[in-house]
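Subject: Structure handover

Hello,

Here is the structure for you to take over. My notes on what was found in it follow below.

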Amino acid sequence: MTDTAHETWMMWLRDAHAMEAQAETMLNAQIGRLETYPAIRMRMEQHLRETTAQRDALSRLLETHGDSASAIKDTMGKLMAAGQGLSGVFAADEVMKGSLASYTFEHMEIASYRMLIAGAQELGMTDAVAVLEPILQQEIAMADWLSENLAPLTRSFLARADSDLQAKR
Ligand code: MG
Ligand code: FE
């Protein structure tokens, strides 16, 4: 494999690191607003802990493969600032809009890790495969949970919508 292939893979890894930082921002915003859906809230809290560990694992992987710690921190700072604008929009059905966004996001993560794993295998980076494969499994588990819970959540939301002003959260 060429240096260009490796540099392209590194760019995907940086993108994944930025994606996990964005996931933390999104999950934090959703957890803060989920007042009357304890099951979703608990699952999101679990995935937030996983997400923070994923971001740390990707940081270490970036450093192992040549990125400096200060360059990684710099990207993070920019993202945190950009993420703050995301949490300001609240729809009447925000729990459903949030679930839609989460479902989409988890599938983007799954695709990203499948690319990174295939690339790492092609480039002979077995250390990276060992880090990325468990992360992929966590994303699949979260996507499956959301998939299974979307229909019950929708029914619960609609049942509450007429009588309960808190349904949206
Ligand atoms: Mg993730
Ligand atoms: Fe995720």
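Helix H5 (residues 126-161) supplies the largest share of the lining of the second largest cavity, five residues. This is a predicted model, and the volume of that cavity comes to about 40 Å³. Its lining consists of Ile-40, Ser-99, Trp-145, Leu-146, Asn-149, Leu-150 and Leu-153. Sorted by class, five of these lining residues are nonpolar, two are polar and none is charged.

The number of cavities of 30 Å³ or more is two. The largest cavity has a volume of about 50 Å³. Around the largest cavity lie Ala-23, Met-26, Leu-27, Gln-30, Ser-102, Phe-105 and Glu-106. Two elements, helix H1 (3-33) and H4, give two or more residues each to this lining. H1 is the main contributor to the largest cavity, with four residues. By class, the lining of the largest cavity holds four nonpolar residues, two polar ones and one charged one.

As for the overall fold, the protein has five helices and zero strands, so the order from the N terminus reads α-α-α-α-α. Of its 169 residues, 40% count as buried.

Two of the helices were checked for length. For helix H2 (residues 38-64), 27 residues at 1.5 Å a residue should span 39 Å, and the end C-alpha atoms are indeed 39 Å apart. Gly-66 follows H2 and has a positive phi, near 115°. H4 has 29 residues and runs 42 Å from its first C-alpha to its last, close to the 42 Å expected at 1.5 Å a residue. After H4 comes Gly-124, again with a positive phi, in this case near 70°.

Now the metals. Which residues hold the iron ion (ligand 2)? Its protein donors are His-47 (NE2), Glu-106 (OE), Glu-109 (OE) and Glu-139 (OE), at 2.1 to 2.2 Å from the ion. Glu-106 also appears in the lining of the largest cavity. Along the chain, the donors of the iron ion (ligand 2) are spaced H-x58-E-x2-E-x29-E. His-47 belongs to helix H2 and Glu-109 to helix H4 (residues 94-122), so this pair ties together parts that are 62 residues apart in sequence. Both His-47 and Glu-109 are buried.

Why is the site of the iron ion (ligand 2) irregular? The angles among its four donor atoms go from 75 to 161°. Four donors count as tetrahedral if all angles lie between 85 and 135 degrees, so a range of 75 to 161° rules that out. For reference, the ideal angle for four tetrahedral donors is 109.5 degrees.

The magnesium ion (ligand 1) takes its protein donors from Glu-20 (OE), which is listed with two OE entries, Gln-54 (OE1), Glu-109 (OE) and Glu-139 (OE), at 2.0 to 2.3 Å. The spacing of these donor residues in sequence is E-x33-Q-x54-E-x29-E. Among them, Gln-54 in helix H2 and Glu-139 in helix H5 link distant parts of the chain, 85 residues apart. Gln-54 and Glu-139 are both buried.

How far apart are the magnesium ion (ligand 1) and the iron ion (ligand 2)? The two ions are 3.1 Å apart, and Glu-109 bridges them. Glu-139 is listed as a donor of the iron ion (ligand 2) and also as a donor of the magnesium ion (ligand 1).

Two more positions in helix H5 are worth listing. Ala-141 is found in helix H5 and, at 36% relative accessibility, counts as partly exposed. The C-alpha atom of Ala-141 is separated by 9.7 Å from that of His-47, although the two residues are 94 residues apart along the chain. Ser-156 also has its place in helix H5. Is Ser-156 buried or partly exposed? At 26% relative accessibility, Ser-156 counts as partly exposed, because buried means under 20%. The C-alpha atoms of Ser-156 and Tyr-37 are separated by 9.5 Å, with their positions 119 residues apart along the chain.

Regards

Key: Residues are numbered from 1 along each chain as its sequence is written. Chains are lettered from A and ligands numbered from 1 in the order in which they are written. This is a predicted model: local features need pLDDT of at least 70, side-chain atom pairs count only at pLDDT 80 or more; totals for chains, interfaces and linings use all residues. Side-chain values use heavy atoms; hydrogens and water are left out. The expected span of a helix is 1.5 Å times one less than its number of residues. Donors are N, O and S atoms within 2.8 Å of the metal (3.2 Å for Na, K and Ca); water is not among the atoms, so sites may look incomplete. Four donors count as tetrahedral if all angles lie between 85 and 135 degrees; four count as square planar and six as octahedral if opposite donors are over 155 degrees apart and all others between 65 and 115; anything else is irregular. Buried means under 20% relative accessible area, exposed over 50%, partly exposed in between (1.4 Å probe, protein chains only). On a 1 Å grid over the protein atoms alone, a cavity is a set of points where a 1.4 Å probe fits but cannot get out, and a pocket is an open set with protein on both sides within 12 Å along at least five of seven lines; lining residues have an atom within 4 Å of a point. Grid points are joined across faces, edges and corners, and a volume is the space filled by probe spheres set on the points. Ala, Val, Leu, Ile, Met, Phe, Trp, Tyr, Cys and Pro count as nonpolar, Asp, Glu, Lys and Arg as charged, and the others, Gly among them, as polar.
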